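Here are my notes from going through the model you sent over. Have the viewer open while you read, since the points go element by element.

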Amino acid sequence: MADKSKLIDYIDEALEKSKETALSRLFFTYQGIPYPITMCTSETFQALDTFEARSDDMVLASYPKCGSNWILHIISELISADSKKKYKYSEFPVLECGDPEKYQRMKEFPSPRILATHLHYDKLPGSIFKNKVKILVIFRNPKDTAVSFFHFHNDVPDIPSYGSWDDFFSQFMKGQVSWGSYFDFAVNWSKHLDHENVKFILYEDLKENLTAGIKQIAEFFGFSPTGEQIQTISAQSTFQAMRAKSQETHGAIGPFLFRKGEVGDWKNLFSETQNQEMDEKFKECLAGTSLGAKLKLLEKEMADDLSSGFFLEELNKYRQKNNVEIEYRELSKRGPPHDLRFTFQVVIGEREFPEAEGKSKKGAKNAAAKLAVEILNEEKEEVSSLSLSTTDTSDLSIGNYIGLVNRIAQKAKLPVNYQLGLGAGEPGRNLAPNFNLVGAARNEYTMDHRFLENFLEITSIGSGGYGQVFKAKHRIDGVTYVIKRVKYDNEKVVREVKALAALSHPNIVRYYNCWDGIDYASEDSDNGRLVRKAEGTLPSNIFLVDTKKIKIGDFGLVTFLKNDEKRTNNRGTPRYMSPEQLSSTEYGNEVDIYPLGLILAELLYISRTLLETCKIFEDLKKGKVLDVFDDKEKILLQKLLSKDPKKRPNTCEILTTLEEWKNVAEKKKRNTC
């Protein structure tokens with residue numbers, strides 16, 4: 001996005017205000033809605049009516065954490081493509097944020113102006129409607145919105161945090177968060193979405209088809225970009241691209257604004273009770289509205305079974321078993337390019353099953369297959385192991401039984417352990433599921449049987465891009481271990497375990513064992529002290545065991561140099577990532593030297609706040625080494641942080657330099673004795 005100096009300055013000022021503000025004192029209420037005192041004032045709201053809108057202004061309305069920064073970037077790029085010059089933000093773009101004098105200053109800004117807002121429709125200044133300004137409204141499903149809002153509060157160091165997700169959820173449902181209730185905002189805007197100058201889009205639709213979404217936005221605001229320009233804007237507007245440049249565009253807060261960008265992340269935090277509570281609130285507020293129908297259809301598609309092709313696979317198994325012909329008949333294709341709808345019907349032999357709709361051909365086929373599977377299951381044909389209504393389970397394979405039991409356990413939030421026992425009708429021993437109700441009630445962090453059986457006092461101590469970390473005491477030996485849980489879904493996880501098992505060094509936290517899942521324990525780091533709070537293989541994972549000993553405690557997903565497959569692109573903590581890791585999958589071991597330079601800078605100069613650290617990092621990345629470092633430190637930092645990976649020193653050279661520093665320091669010490 002264009003020159004962001006004014007925007008970054010405003011964000012930095014707001015963060016400074018937040019640093020000394022308790023959560024209980026964060027909000028003030030204006031006309032019944034809570035607003036953050038760090039960004040808004042009652043005087044600014046009173047002056048808002050003096051704002052003079054222009055007919056070519058572009059308004060973007062959204063509830064917080066619904067993608068406004070994303071759309072602002074897209075609109076600014078469309079303006080830049082049209083005018084052949086970069087769009088510049090001369091003020092923080094959110095209309096209601098800032099000082100009361102901003103509206104006078106905005107009179108001098110060139111057209112077109114982009115105006116963002118989190119206000120209700122009827123809270124906007126009258127000149128917007130008088131001059132028929134076009135308003136684009138972006139909505140996001142409320143569950144993901146709530147989770148994103150929670151992480152923003154609890155991840156940004158200088159913003160007041162909530163005690164827990166449950167605390168935040170309670171306040172979110174009451175509307176006691178910045179800019180008030182999501183549902184009040186949605187209800188208010190839903191009454192005006194069919195107005196001539198108002199258009200609404202969904203965050204999730206944009207995620208699914210960014211290029212089509214950009215075309216839609218361009219058409220609404222009257223732009224006519226070429227196909228090449230649209231492709232360029234699309235490439236620059238992906239979540240990965242924006243996250244990679246987040247510090248450059250938004251300053252220290254950038255990585256927190258672009259945290260995950262995932263659809264369906266709410267499932268990682270919502271309890272079943274919370275899910276039901278929000279569903280009831282949604283129905284109460286938005287049932288019968290066009291917005292409610294669109295969001296409900298979206299949620300149905302998001303939650304559509306285990307995967308987009310699950311019922312296609314189930315029906316294919318039925319075809320093979322029964323030697324029948326199955327046809328997926330396409331009945332219709334309708335809608336504009338950005339919102340296509342396909343209708344398919346399953347035909348088995350000469351029998352036609354009900355038709356179903358989807359946003360893609362595969363989705364529509366799977367939806368049609370689902371209807372066919374349900375009908376056949378009702379007729380005791382037993383196609384899918386998901387069916388629980390039939391009593392005839394003779395066709396279920398062992399794999400299907402296990403899958404069925406596991407799904408029941410997941411739904412009921414119960415751990416299940418398969419134990420050896422006597423068979424019911426024949427000699428020998430068979431596996432029997434045992435639902436461990438005691439274990440489920442005892443700990444909120446895991447349902448894994450082995451975890452619960454072998455460890456006590458399980459507590460969460462952190463999480464990162466690749467998994468969660470827990471501290472627990474072993475039931476038998478009484479030793480406290482650190483246990484990392486990651487998703488066991490590819491060979492890289494196996495490679496990490498093997499690499500950690502092969503490491504034996506006094507300065508590396510020792511690996512002990514693993515079990516299928518994957519959870520693996522490392523030696524007790526409880527006597528260590530965190531150098532600084534961060535994430536990844538970073539300062540937070542450097543432990544001071546005593547005054548002369550350190551240990552490194554985490555390696556993310558490690559790899560061997562001999563593995564030649566492409567590396568991960570844009571995975572990790574953006575603040576510490578090298579330029580080549582942010583932009584490419586082609587890089588070597590020099591990629592680890594770059595964050596080492598940043599860590600060294602962080603250890604040499606202890607900043608008072610994260611904001612100060614981020615500002616120092618920004619300067620270092622631009623090749624500017626501040627005078628807080630002495631001459632020898634400057635020389636080494638410049639080498640470590642070279643943009644050309646080949647110019648960075650190797651580890652032997654770094655150790656030699658540090659040894660020289662040590663010798664000089666000891667010599668000076670002897671000379672002063």
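1. Start with helix 8 (residues 182–190), which lies across strand 3, strand 5 and strand 6. Helix 8 runs at about 140° to strand 5. Helix 10 (residues 210–220) also belongs in this view: it lies across strand 5 and strand 6, at about 170° to strand 6. Keep in mind that this is a predicted model.

2. Now the sheet under discussion. It is open, has four strands in the order 4-3-5-6, and the pairing is parallel. At the edges you'll find strand 4 (114–117) and strand 6 (198–202), each of which pairs on one side only. From one strand to the next, the twist averages 20°.

3. For a register check, go to strand 3 (residues 58–62) and strand 5 (residues 134–139), which run parallel and are joined by five bridges. Which residue of strand 5 is the bridge partner of Ser62? That's Ile138.

4. Next, the cores. The largest nonpolar core has 87 residues, and Ile71, Phe172 and Trp189 are the ones that touch the most other members. Helix 3 gives the most to this core, with eight residues. If you want one residue to click on, take Phe172: leaving out residues up to four places away in sequence, it touches Tyr63, Pro142, Ala146, Phe149, Val177, Tyr182 and Met278. Another core, of 19 residues, lies apart from the largest one; among its members are Ile593, Tyr594, Ile616 and Trp661.

5. A quick stop at Val147, which is found in helix 6 (residues 142–155). Is Val147 buried or exposed? Its relative accessible area is 1%, so it counts as buried, the cut-off being under 20%. The C-alpha atom of Val147 is separated by 9.2 Å from that of Lys65, and the two residues are 82 apart along the chain.

6. On to helix packing. Two packed helices are described by the angle between their axes and the distance between the axes. For helix 3 (residues 68–83) and helix 11 (residues 227–236), the angle is about 145° and the axes are 10 Å apart. The crossing of helix 3 past helix 11 is right-handed. Which residues make the contact? From helix 3 come His73, Glu77, Leu78 and Ala81, and they meet Gln229, Ile233 and Gln236 of helix 11. By type, the residues of this contact split into three nonpolar, three polar and one charged.

7. Finally, the other sheet to look at. It is open too, with three strands in the order 7-8-9, and here the pairing is antiparallel. Why does one side of strand 7 (326–334) and of strand 9 (351–358) lack a neighbour in the sheet? Both stand at the edges and each has a single partner strand, so one side of each is left without a neighbour there. The twist averages 20° from one strand to the next.

8. Staying with that sheet, strand 7 and strand 8 (residues 341–348) pair in the antiparallel sense over eight bridges. One register to verify is that of Tyr328, whose bridge partner in strand 8 is Val346. Helix 18 (residues 361–378) packs on this sheet and touches strand 7, strand 8 and strand 9. The direction of helix 18 makes about 135° with that of strand 9.

Terms used:
Residues are numbered from 1 along each chain as its sequence is written. This is a predicted model: local features need pLDDT of at least 70, side-chain atom pairs count only at pLDDT 80 or more; totals for chains, interfaces and linings use all residues. Side-chain values use heavy atoms; hydrogens and water are left out. Axes are lines fitted to C-alpha atoms, for helices over the stretch in contact, and angles run from 0 to 180 degrees between N-to-C directions. Helices (H or I, at least four residues) and strands (E, at least two) are DSSP runs, numbered from the N terminus. A crossing is left-handed if the near helix is turned anticlockwise from the far one by less than a right angle, and right-handed if clockwise. Contact means heavy atoms within 4.5 Å. Ala, Val, Leu, Ile, Met, Phe, Trp, Tyr, Cys and Pro count as nonpolar, Asp, Glu, Lys and Arg as charged, and the others, Gly among them, as polar. Two strands pair if DSSP finds at least two bridges between them. A nonpolar core is a set of buried Ala, Val, Leu, Ile, Met, Phe, Trp, Tyr and Cys residues joined through side-chain atoms within 4.5 Å. Buried means under 20% relative accessible area, exposed over 50%, partly exposed in between (1.4 Å probe, protein chains only).
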